Amino acid sequence: MPLTDAQLAEIAAQRETQSATLRPTVPAMEARLYHPVELLDHGFLRVIDYMGDDAAIVQAARVSYGRGTRRVSEDAGLIRYLMRHRHSTPFELCEIKFHVKLPIFVARQWIRHRTANVNEYSARYSVLDREFYIPAPEQLAAQSSSNRQGRGDVLEGDEAARVLDVLREDATRCYDHYADMLNEDADGNPVDPARAGLARELARMNLTLNTYTQWYWKTDLHNLLHFVSLRADSHAQYEIRVYADAIMDILEAWVPAAAAAFKDYRLGAVTFSGQMMAVLKRMLAGEVVTQEGSGLSKREWSEMLGSLGK
Ligand SMILES: Cc1cc2nc3c(=O)[nH]c(=O)nc-3n(C[C@H](O)[C@H](O)[C@H](O)COP(=O)(O)OP(=O)(O)OC[C@H]3O[C@@H](n4cnc5c(N)ncnc54)[C@H](O)[C@@H]3O)c2cc1C
């Protein structure tokens, strides 16, 4: 279970507390604030705070004194212009803070996004929960034969059952040894008074990478869009993609005009190299161009055709 009853009660209590503000708020975000979106088998993502909205992007771009009186369609047009021309700083002036619970191997990919502020749950100070990510059977795929960083067909039958058993048994065994080395009960008292117990900062090194960790993660809208563009992409690993997809959903509630422009100009857009453009111009002029006559490598050729949906 991603959240205990006590944690859910804390969230409910926080949602009961209201404070007046002169700052603009987004009703769709207020409705989501603090609520966890459950992801994978024990993970979640929840918005803890946010600053700014679509109008704040426009306000920053115009360096306005107030919120302005222009029509929503004019603001959306300006946001699309900024996105199209990579005038990115107005997007940096909106910020968001998340609480994320995620497997350690996903956290290792996520932490590579340096343009954020992070505070992780301390496994030097506290004991990690007995919670491991075990993939759903439909995510249990073989190594891809064509892409060294990708997945192939889903494992089935005895092999799938064996892999799931191994993942569960190894994680459980390592956690049991972790708990044994710590020699602590739930209140921090020794289980066996005759043993000192190993320090938490050392005992944790025995845990498997599918153990869940948690952090608070704050970033600005520009860098969040960069994160989503890389991690919601079909080439990203499924386990981080589910978090990026959940963030995309939040973006659509928070900054709908910016999210729509982002989907159009970044997520839905493709890049063609100069060489590819030369080939495309030849094709549009009616010439039959083959890979051999294109000057493109086989890989680039198939990537170009893939971008064209062929
Ligand atoms: C599909 C995929 C596969 C990957 N495979 C690997 C892999 O095999 N091995 C591996 O190590 N990583 C891998 N990565 C991680 C990748 O190389 C990036 O580290 C990660 O995506 C973070 O991107 P970023 O640096 O642009 O983001 P951020 O750290 O958020 O930075 C955003 C931007 O700020 C600028 N910036 C930030 N810090 C600096 C700096 N110190 N110097 C100069 N500019 C800076 C850059 O313009 C950067 O694009 C992979 C990522 C993806 C999406």
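Analyst: Let's start with a definition: a salt bridge is a side-chain nitrogen of Lys or Arg within 4 Å of a carboxyl oxygen of Asp or Glu. This is a predicted model, so local features need pLDDT of at least 70 and side-chain atom pairs count only at pLDDT 80 or more, while totals for chains, interfaces and linings use all residues. Residues are numbered from 1 along each chain as its sequence is written, and side-chain values use heavy atoms, with hydrogens and water left out.

User: How do you know that D75 forms a salt bridge with R62?

Analyst: Check the gap: the closest N and O atoms of D75 and R62 are 3.4 Å apart. The limit is 4 Å, so the pair passes. D75 sits in helix α4 and R62 in helix α3 (residues 54-62), so the pair links distant parts of the chain, 13 residues apart. By the way, a helix is a DSSP run of H or I with at least four residues, a strand is a run of E with at least two, and both are numbered from the N terminus.

User: Why is D75 counted as buried, and what is R62 called?

Analyst: Buried means under 20% relative accessible area, exposed means over 50%, and partly exposed is in between (1.4 Å probe, protein chains only). D75 has 15%, so it counts as buried. R62 comes out at 30%, so it is partly exposed.

User: How many salt bridges does a search of the whole structure find?

Analyst: There are 14. One of them joins D249 and R32, with the closest N and O atoms 3.5 Å apart. D249 belongs to helix α10 (residues 238-254) and R32 to helix α2, so this pair ties together parts that are 217 residues apart in sequence. Both partners are partly exposed, with 41% for D249 and 28% for R32.

User: What makes E287 and R282 a salt bridge?

Analyst: Their closest N and O atoms are 2.9 Å apart, and the cut-off of 4 Å is therefore met. E287 is partly exposed at 40%, and R282 is partly exposed at 30%. Elsewhere, salt bridges that share partners join D180, D192 and R195 into one network.

User: What makes the 5 strands a sheet, and in which order do they lie?

Analyst: Two strands pair if DSSP finds at least two bridges between them. Take β2 (residues 43-51) and β3 (residues 95-103): 7 bridges join them, so they count as paired. β3 is also joined to β7 (residues 212-220), by 9 bridges. The full order is β1-β2-β3-β7-β4, the sheet is open and the pairing is antiparallel. β1 (37-39) and β4 (117-120) are at the edges because each has a single partner strand, which leaves one side without a neighbour in the sheet.

User: Which residue stands opposite V47, and which one opposite Y50?

Analyst: V47 faces F98 in β3, and Y50 faces I96, again in β3. On the β7 side, K101 stands opposite Q214.

User: Why is β3 called mostly covered?

Analyst: Just look at the count: 7 of its 9 residues are buried.

User: What is the volume of the largest pocket?

Analyst: About 920 Å³. The residues closest to its centre are D233, H235, A269, V270 and T271, out of 24 that line it. For the terms, a pocket is an open set of points on a 1 Å grid over the protein atoms alone, where a 1.4 Å probe fits and there is protein on both sides within 12 Å along at least five of seven lines; lining residues have an atom within 4 Å of a point. Points are joined across faces, edges and corners, and the volume is the space filled by probe spheres set on them.

User: Which helix supplies the largest share of the lining?

Analyst: That's α14, with 5 residues. α4 (72-84), α9 (221-231), α11 (256-267) and α14 (298-307) each give at least two residues.

User: What makes Y34 and R86 stand out, judging by phi?

Analyst: Most residues other than glycine have a negative phi. Y34 has a phi near 75 degrees, and R86 has one of about 55 degrees. Y34 is in the loop between α2 (27-32) and β1, while R86 is in the loop between α4 and α5 (89-92). Y34 has a relative accessible area of 16%, so it is buried; R86 has 64%, so it is exposed.
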